[in-house]
Amino acid sequence: MSWRFLLSALRFSSIRATLLTAFILLVFLPIVLVASVSTYISYQSGKQQIFSQLDSITALKAAEIRSWVAHIDSDLNYAVNSPDVFSWIRTVLGKSFNKRSELLGVDDQLYRRSHNLLHSRFSRITSQSNRPRVLELFILDMEGYVVLSTSRLNTGLRMGDKRFFP
């Protein structure tokens, strides 16, 4: 195709056709131009709004995780932050290390009392609300066996070789 053919196709036979074409171009050209620019601006604005919303969600989730960690830290401090708790743990672990408690001087009544006090203290933490932050607390002996757990089903299981957190 040559330019002459294109120009001959655009030649109008009357002034009416020329004016009609000019008016149509005057109307549609700005419409197309405005629509294109507004579409581009809307796209950029929508993209920026999505990134802002994702930043807000990230900040909220980070604050929620910090709060959860602070509460877990508080719960665990309550669980073990007492001189009595450490003596109870020593008693329970002492019975676990040597099944013949008479050699360590740990009598069964002291062991049962320490075990029950620890179990009730740990159970208060795991059952604080409808959505407990800590599902289970347990104590492992040096060989990895559970000597005390808020879930009695896990007592006696070997868990020392399990990974609890990735």
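Over the ring of which residue does the charged end of Arg 121 sit? In this predicted model, the ring belongs to Tyr 78, and the charged end of Arg 121 lies 4.4 Å from its centre. Both residues also take part in a helix-helix contact, in which Tyr 78 comes from H2 and Arg 121 from H5.

That packing deserves a closer look. Helix H2 spans residues 15-80 and helix H5 spans residues 108-126; the two pack at an angle of about 165°, and their axes are 9 Å apart. Because angles over 145 degrees count as roughly antiparallel, H2 and H5 are roughly antiparallel to each other. The crossing of H2 past H5 is right-handed. On the H2 side, the contact is made by Asp 75, Tyr 78 and Ala 79, while H5 contributes Arg 121, Phe 122, Arg 124 and Ile 125. By character, four of the residues in this contact are nonpolar and three are charged, with no polar residue among them.

A charge is placed over a ring elsewhere too: the charged end of Arg 158 sits over the ring of Tyr 145, at 5.3 Å from its centre. As for rings paired with rings, a search of the whole structure returns zero aromatic pairs.

Note on methods
Residues numbered from 1 in each chain as written. Predicted model: local features only at pLDDT ≥ 70, side-chain atom pairs only at ≥ 80, totals over all residues. Heavy atoms only, no water. Axes fitted to C-alpha atoms, helices over the stretch in contact; angles between N-to-C directions. Helix = DSSP H or I, 4+ residues; strand = E, 2+ residues; numbered from the N terminus. Parallel < 35°, antiparallel > 145°, perpendicular 65-115°, else oblique. Left-handed = near helix turned anticlockwise from the far one by under 90°. Contact = heavy atoms within 4.5 Å. Nonpolar A, V, L, I, M, F, W, Y, C, P; charged D, E, K, R; others polar. Phe/Tyr/Trp six-rings, centres within 6.5 Å; stacked < 30°, edge-to-face > 60°. Lys NZ or Arg CZ within 6 Å of the ring centre and 35° of its normal.
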